[in-house]
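Biologist: Hi! Could you take me through a close look at one chain, and then follow the thread through its partners with helices, sheets and contacts in view?

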Amino acid sequence: MWSFILKRLAQGVITVWFIATATFFAMHNVPGDPLLNDRAMTAAIRANVEAKYGLDKPVAEQYVIYLGNLIRGDFGISFTQENREVNDIIREHFPVSATLGILAVLFAAAGGVLWGALTALYRNRMPDYVIMFFVILGISVPSFVIAAVSQLMLVGVNSALGVTLLPVAGWGTLSHMLLPALVLGLGTMAYLTRLMRSSMLEVISSDYVRTAKAKGLPAARIFTKHQLRNAILPVITVLGPSIAAITTGGFVVELVFAIPGLGRYFVQAVQQLDYTVIMGTTVFYGAFLVFMVIVVDVLYGLIDPRVRMQ
Amino acid sequence: MSETAKPVLSDDHFTRSAGKQLGLYALAALGVLGGLMALLSFAVGGTGGGAGGGAIDSDNNSITITLRQEPPQLDSGRSTDAASFSVLGHVMEGLLSYDRAGQLIPGVAERWEIREDGATFWLRDNALWSDGKPVTADDFVFAWRRVVDPETGSQYAFITYPIKNAEAITNGDLPIQTLGVSAASDRQLEVTFEQATPYFDKLVAFITFLPAREDFFQSTNGRYAADADMLLYNGPYLLTDWVHGASMRWTKNPYYWNDEKGFLDEINVAYITTDVNAKLNLFKDAQIADTDLVAPMLPEAMERRWHIDRFMDGTVFFLEFNHREGRITKNKNFRRAMQLAQDPSELVYKVLKEAAYIPAESLFPSWIQGAGDLFRKQHPPTKHQMDIEKAREHLELARIELGLDAWPPIVLLTGDTPVSTLSAEYYQELFKRNLGLEVRIDLQTFKQRLAKMTSGEFDLVLSGWGPDYDDALTFGDLFSSWNLNNRGRYDSAEMDGYVRIAQSELDPVKRMQAFAEIQRLSYEDIVVLPMYERGWSFVVDPRLDGLIRRTVGPEVDYTYASIKRE
Amino acid sequence: MPSHPKAALDFSPVGTEREVHTLSRPSLSYWQDAWLRLKANRRALVSLFLVIGLLLFTLVGPWLWQVNPASQDLDQVSQPPGVDRSALVVDPYTPWLGGATAGTGLRLAEPATTQSVRLAWDALPSARGHRVYRNLFPVGPELAYGIPRAEFFDNSTLTFEDRLDIKPGTYYYTIVALNADGSLSRETSALTVDVQRVTTVAEARERGLVANEAALVPGDRVELALHPLGTDYLGRDMLARLMAGARVSLFIGIGAPLCFVLFGVFFGSVAGFIGGKTDQVMMRFADFVVALPFLLFMILFKIAFGIGPGESGVMPMLVALVLLMWPATARLVRGQILQIREQGYISASQLLGAKTHYLILRHMLPNTLGVVLVTLTFAIPSAIFTEAFLSFIGMGVAPPTPSWGSMSNEGIKTMLTTPHELIFPAALISTTVLAFNLLGDGLRDALDARMRNRE
């Protein structure tokens with residue numbers, strides 16, 4: 001078991017190195033100049049600023065320094081926020097994105113299983129049609145349209161009620177998180193609902209359910225023990241990849257709902273060509289995802305010994 | 001998903017009891033989710049914004065507002081952006097500041113004198129830092145020396161060039177101690193000029209000239225102004241809370257001397273967002289005290305019977321030609337053809353449709369002051385008239401002069417903001433229809449556009465220029481051959497001559513005459529094609545009084561704002 | 001049950017059957033069977049028709065609706081579909097120098113048209129200047145006068161020309177007297193203005209609005225150009241732009257998946273077939289690419305490739321998509337090949353002397369084709385969404401090239417005032433994504449070998 005974990009970790013480190021290298025060279029290929037601003041600088045000042053960020057050295061040397069700093073966990077100083085370290089930025093903004101992501105995954109998973117089971121139970125009846133209509137919306141409408149429209153609808157609801165039911169934008173309390181997390185999780189929820197529904201339908205028509213019914217077991221017990229339990233398995237296996245998709249896919253929601261997450265920060269950094277923040281964020285996210293995959297792999301390895309053999 | 005055609009095995013009874021079970025699970029899931037969310041919200045409590053008490057909180061005498069962007073840092077020596085200027089305008093005070101109407105008033109300096117060779121500022125006794133110590137002349141000397149120090153890398157160092165030796169110091173030729181500024185006493189600041197600078201009083205109201213105290217600066221260990229506790233304040237408000245990217249809190253400064261400013265006890269910057277739609281929704285929800293309105297929002301604003309107002313933010317936008325050798329746009333007839341083929345009023349009224357924009361008639365915006373009256377009134381610019389026939393004649397002349405058979409595509413460089421994209425699309429079609437020219441849009445993000453502007457990879461570029469100080473020179477010297485911001489490299493001895501007069505002439509009438517010549521030359525020699533002067537429509541919560549939007553200085557100013565009492 | 005009529009035969013010997021191997025159903029190839037299955041799936045069939053319809057819209061549409069998607073009709077900006085288009089022909093616009101006209105209070109100096117509204121007034125009694133407002137609604141007790149249009153800080157100017165985005169309809173103008181400090185006083189004068197849609201002779205000719213151009217004189221009425229789905233914020237024809245946008249969106253949406261699936265098939269089949277160390281190295285590389293955070297790298301590549309002048313940026317986006325999305329297909333195909341390699345018929349074929357390329361082309365690829373086709377169908381919606389997402393954060397295709405994503409992004413800004421600018425492109429994105437998703441479902445079910453044996 002330990003050798004398995006070590007092997008996976010070693011692979012993970014190489015993967016992170018690959019991500020870091022790809023980011024570095026992609027970044028240094030970007031046309032434009034991160035140091036330029038509205039007001040032009042004199043040559044002397046420019047030289048000083050370049051030296052501060054080490055941009056005066058050849059690319060190969062910059063790469064070596066960059067890797068060295070990376071090993072020490074130092075992403076450098078932001079280009080636009082000249083007095084802040086990229087580490088600070090990640091430390092302050094990542095928890096926001098992560099919270100949003102975790103909530104969205106929870107919503108998606110819980111919603112997907114419940115709605116999926118419900119539609120399978122009431123297939124080709126009213127609840128099925130209603131829920132499947134929303135599922136189709138969730139799958140086929142671009143997230144930014146959903147986000148903008150839902151925010152607008154919330155304003156309508158708030159002003160109709162005369163009180164602020166939920167805040168329209170911003171971050172801080174529980175109520176700020178509800179709508180953004182729902183919107184963020186909607187696509188995945190729709191996907192999981194479909195998956196749950198078809199897996200549930202397969203289970204319902206299986207022999208062991210028929211047997212259980214024939215035995216005269218109580219309906220609630222058949223439903224829980226035989227149907228739900230078995231139908232939920234495929235949903236759990238796709239949950240891993242969807243966590244990654246949701247955590248990095250928060251850009252739109254963070255932009256629309258004015259949430260100070262890392263995704264919004266990344267978009268701004270790209271527009272401002274903030275080298276260090278872009279590289280730091282990408283490597284951090286990459287490492288985070290790699291780590292998550294390893295954790296999932298190890299957990300599978302614990303549960304299923306066959307995985308370790310591969 | 002597969003549609004099974006098989007008969008339904010389960011009967012209604014099964015469905016019903018299973019459904020009940022599912023309902024129970026749903027309730028349980030809801031409970032668990034609720035618990036988890038409470039836990040999460042507790043965990044991220046520190047990263048959040050101030051969940052403000054609504055737009056106007058008259059009980060606590062506080063308001064909630066938004067900022068368009070997060071200030072990169074609040075180091076006045078290095079700040080370059082509007083967001084930092086807005087925040088610094090509330091928490092710091094320079095030698096001079098602005099009153100409600102935008103006129104200069106005493107700040108830390110209670111009186112001042114500007115001579116041909118220098119200036120003297122007498123500082124007031126009761127101007128204090130937020131730790132209770134007085135603001136002294138040394139604090140200005142330290143701050144200004146930092147600005148010109150090449151180590152600092154201040155992008156606004158150029159604004160200090162009227163001070164003796166400033167330029168030489170930023171170029172690394174002289175030590176910073178040689179800067180022409182000194183403290184004659186704690187309360188008296190002496191400035192020596194490089195050359196006569198009649199507008200120096202207007203200059204020192206600018207952010208770059210704010211004071212900084214040396215002992216505090218040293219104690220921050222290179223993190224000066226990066227956080228709320230890393231800056232010493234001397235303005236009407238203190239920055240008591242700064243959650244990066246999320247929120248800020250400005251609290252009334254008990255040490256501030258002027259009781260004509262700072263009526264609110266607290267200003268809550270609860271949201272930082274560029275998204276105007278989000279801001280509008282927050283305003284509709286009575287969560288913020290004011291918001292900007294873009295054109296598509298105006299019908300709704302009128303329907304809701306809001307009191308819409310507008311202000312000019314001072315920026316002039318123009319199409320800048322590339323005057324470098326070998327460029328088609330170097331040819332004057334070609335530029336004349338382009339000038340005659342367009343009309344800024346069509347751009348503003350039919351394309352951009354922003355109610356607060358006005359078509360630009362000159363390099364100098366309409367609000368610039370002349371000698372005694374508006375510059376625009378004393379020196380009206382040439383009336384522009386679109387004339388396609390004449391434009392085509394000039395184009396033909398240019399073609400012969402350049403010896404071309406057919407016109408190559410013209411590259412129009414532009415930024416990626418919605419307004420500049422829209423303008424670029426309009427000009428592309430306009431020049432194609434009126435002149436038969438193929439215009440290729442080169443859309444770039446901010447820094448990439450600047451890089452291309454600096455290296456001259458364009459024929460035309462959409463750009464804008466905002467005022468740094470309340471004097472015509474902030475626009476007037478833009479196209480002097482030595483100005484690094486003259487990215488089209490316009491180079492004319494005539495222009496340079498007028499700019500030199502404008503920089504140092506002490507007689508205001510003669511000085512304005514020079515600006516009038518610059519205005520004439522920029523039209524006749526077609527240095528740029530003015531597009532529009534930018535303005536903003538906005539709406540303020542009716543319970544709030546005295547919010548000021550400025551053309552020069554901090555764009556938004558709450559220092560005179562107060563809550564109406566019934 | 002009725003009694004059997006041929007009871008006597010019941011005990012007669014059974015004759016020898018002529019045809020022992022009678023098949024109950026005709027023999028079907030894999031693809032014939034799949035097609036039958038797909039045809040039986042109503043939903044998949046409908047989506048197949050939808051896809052065909054979308055392709056026709058994209059490819060044949062521009063032949064039927066030959067309007068230049070770039071041409072700007074500034075007389076009809078942001079116009080919803082189905083608006084009255086009749087316009088009065090007038091003289092071309094000439095600047096107005098003001099000038100007093102007879103009358104009292106706030107009044108029109110000339111008839112109000114979509115070209116301009118020219119107002120004149122007498123100075124209000126205590127006014128130190130005036131502010132002109134324009135409103136879409138009558139001023140109520142709130143004294144909200146509408147949009148400020150101009151300020152005059154003395155009484156020397158008593159005229160104003162409004163040209164800002166004037167649409168046919170009713171406007172409520174108000175002038176408010178200013179106090180000495182520039183604040184508003186209570187003194188006002190109001191005017192209701194009905195604006196008429198106008199065009200000029202030159203415009204009408206240029207757009208070919210009339211058959212007999214020579215006879216057109218000011219005072220005539222003409223019908224402005226027809227825009228069946230309305231126009232966008234620059235007066236461009238929505239239908240034409242949607243068709244042009246379809247070319248971009250579907251090119252990225254279908255082109256990119258096609259490229260990366262092809263590459264993935266090549267990569268995966270080589271790795272799977274060669275096996276051993278090569279396979280390990282190749283798959284490790286694919287793992288690296290999978291580990292890249294997709295959206296972050298999509299943005300990164302997009303800006304790293306850059307867009308030159310006049311380029312639409314479609315190719316960089318396509319390349320970025322291909323670079324990041326191929327490993328999934330590669331893994332899938334490799335898995336399939338590994339499975340097939342162990343099958344008995346491959347060994348049999350090898351024994352019969354089949355060459356490697358024959359094995360790959362004849363046996364392996366055809367047997368993976370089903371899976372690949374399903375992957376391709378599901379990849380299309382995600383590519384279309386990616387394009388739309390990039391447009392939303394301002395990194396999509398460069399204007400003036402339209403795409404559904406950039407059109408919806410523009411539409412969101414004017415969602416409340418002119419919803420048609422959002423609804424049409426968003427609906428097309430949704431329809432396309434849905435159609436390909438359902439088609440993918442249908443294909444997967446139809447090609448699923450396990451299900452073949454079930455019915």
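Modeller: Happy to, and I'll start with chain C. In this predicted model, the radius of gyration of chain C is 35 Å, whereas a compact globule of 455 residues would have one near 23 Å. The extents of its C-alpha trace go with that value: along the principal axes, chain C spans about 120 × 70 × 50 Å. Of the 455 residues in chain C, 41% are buried. If you take the contacts in chain C with a separation of 6 or more, 71% of them involve residues 24 or more positions apart.

As for secondary structure, chain C has 13 helices and 10 strands. Three of the strands are worth a closer look: β9, β1 and β10 of chain C form an open sheet in the order β9-β1-β10, with mixed pairing. The edges of this sheet are β9 (198-200) and β10 (221-223) of chain C; each has a single partner strand, so one side of each is left without a neighbour in the sheet. On average, and ignoring direction, neighbouring strands here are turned by 45 degrees against each other. Strand β1 (residues 86-90) of chain C pairs with β10(C) in the antiparallel sense, over 3 bridges. If you would like a pair of residues to find in the viewer, L88(C) has R221(C) in β10(C) as its bridge partner. As a reminder, strands of a sheet pair through backbone hydrogen bonds, either parallel or antiparallel.

Chain B has an open sheet as well. Its 5 strands come in the order β1-β2-β11-β10-β9, and the pairing is mixed. Here β1 (56-57) and β9 (237-243) of chain B take the edge places with a single partner strand each, so one side of each is left without a neighbour in the sheet. Strand β10 (residues 247-252) and strand β11 (residues 266-272) of chain B run antiparallel and are joined by 4 bridges. You can locate this pairing through T251(B), which stands opposite E266(B) in β11(B). A helix lies over part of the sheet: α2 (residues 82-91) of chain B goes across β2 (62-67), β9 and β10 of chain B, and runs at about 135 degrees to β9(B).

Now to chain A and its contact with chain B. Chain A has 13 helices and 0 strands. Its radius of gyration is 24 Å, while a compact globule of 310 residues would come out near 19 Å. The C-alpha trace of chain A spans about 85 × 60 × 30 Å along its principal axes, and 49% of its 310 residues count as buried. Among contacts in chain A with a separation of 6 or more, 75% are between residues 24 or more positions apart.

How many residues does each chain bring to the contact between chain A and chain B? Chain A brings 72 residues and chain B brings 73 residues. On the side of chain A that touches chain B, the elements giving two or more residues are α2 (43-53), α4 (86-121), α6, α7, α9 (219-248), α10 (251-256) and α11 (262-272) of chain A. Of these, α4(A) gives the most, with 13 residues. Sorted by class, this side of chain A has 40 nonpolar, 22 polar and 10 charged residues.

Two of those elements also pack against each other. Helix α6 (residues 143-161) and helix α7 (residues 174-204) of chain A meet at an angle of about 150 degrees, and their axes are 10 Å apart. The crossing of α6(A) past α7(A) is right-handed. From α6(A), the contact uses S143(A), I146(A), A147(A), S150(A) and L154(A), and from α7(A) it uses L179(A), V183(A), L186(A) and G187(A). By class, that makes 6 nonpolar, 3 polar and no charged residues.

Last comes α11(A), another of the elements on the side of chain A that touches chain B. This helix is mostly covered, with 10 of its 11 residues buried. Among the buried residues in α11(A) are L262(A), R264(A), Y265(A), F266(A) and Q272(A). Just after α11(A), L273(A) has a positive phi of about 55 degrees, a backbone detail you may like to look at for yourself.

Notes:
Residues are numbered from 1 along each chain as its sequence is written. Chains are lettered from A and ligands numbered from 1 in the order in which they are written. This is a predicted model: local features need pLDDT of at least 70, side-chain atom pairs count only at pLDDT 80 or more; totals for chains, interfaces and linings use all residues. The radius of gyration is taken over C-alpha atoms; the globule rule is 2.2 Å times the number of residues to the power 0.38. A residue is buried if 20 or more other C-beta atoms lie within 10 Å of its own, exposed if 12 or fewer, and partly exposed in between; C-beta atoms are placed from the backbone. Two residues are in contact if their C-beta atoms, placed from the backbone, lie within 7 Å. Axes are lines fitted to C-alpha atoms, for helices over the stretch in contact, and angles run from 0 to 180 degrees between N-to-C directions. A crossing is left-handed if the near helix is turned anticlockwise from the far one by less than a right angle, and right-handed if clockwise. Ala, Val, Leu, Ile, Met, Phe, Trp, Tyr, Cys and Pro count as nonpolar, Asp, Glu, Lys and Arg as charged, and the others, Gly among them, as polar. Two strands pair if DSSP finds at least two bridges between them.
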